[in-house]
Amino acid sequence: MTDNEQWVIWNGSLGILDMVSIGRVEDGEAGRSAFLAPPYDIVGPFSFDELEREGRIAFAACLVMSRQRWKRDQVELRLEAQRARRAFMFQPDPRDDARAHRETLELPLDGALEVVQVNAAFRRLAKSAHPDAGGSDALYRRIAEARDALLALLAAVS
């Protein structure tokens, strides 16, 4: 290895690929540890011995790897990162669920809620929604789920 050999740094969660150099290498009891050169000098310390042996090492959200390892693994890494980014982008927004639950319980769509408001709305609707009172099992279940979800959100906030 030469001091100015180029390595690949890949951050799949951000889709960033760049070429880097090893900044400094330190010998220690556990082997050699390294840091990348600027502007990536916050990446480190990592096992330089492992990087040379395996051709790649993970550091936080990044992978540092040899050019050969990148050529071999890039399609798989890009697809994996794309799937992860899509899953993140298309996560349901809990605020949308809260809005739907508020609608179900006929509560105000905006503003702060209190536990007593949620419980009172549930009790008011349950009187006619319960199957024993002429309602349906599906309707009662829907308002009970809305109550439980809103109470869980309120508990998480407090």
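Reader: In what order do the 6 strands of the open sheet run?

Author: A strand is a DSSP run of E, at least two residues, numbered from the N terminus. Two strands pair if DSSP finds at least two bridges between them. In this predicted model, the order is β4-β3-β2-β1-β6-β5, with antiparallel pairing. β4 (46-47) and β5 (56-59) are the edge strands, each paired on one side only.

Reader: How many bridges join β5 and β6?

Author: 4 bridges, in the antiparallel sense, with β6 covering residues 62-65. Ala-58 has Leu-63 of β6 as its bridge partner.

Reader: What can I trust here?

Author: Local features need pLDDT of at least 70, side-chain atom pairs need 80 or more, and totals for chains, interfaces and linings use all residues. Numbering starts from 1 along each chain as its sequence is written, and side-chain values use heavy atoms, without hydrogens or water.

Reader: How many aromatic pairs are there?

Author: Rings of Phe, Tyr and Trp (its six-membered ring) pair if their centres lie within 6.5 Å; planes under 30 degrees apart are stacked, over 60 edge-to-face, the rest tilted. The count is 3. Among them, Trp-7 and Phe-48 have ring centres 6.3 Å apart and planes at 70°, so this pair is edge-to-face. Trp-7 sits in β1 (residues 6-11) and Phe-48 in helix α1 (residues 48-54; a helix is an H or I run of at least four), 41 residues apart.

Reader: Are Trp-7 and Phe-48 buried or exposed?

Author: Buried means under 20% relative accessible area, exposed over 50%, partly exposed in between (1.4 Å probe, protein chains only). Both Trp-7 and Phe-48 are buried.
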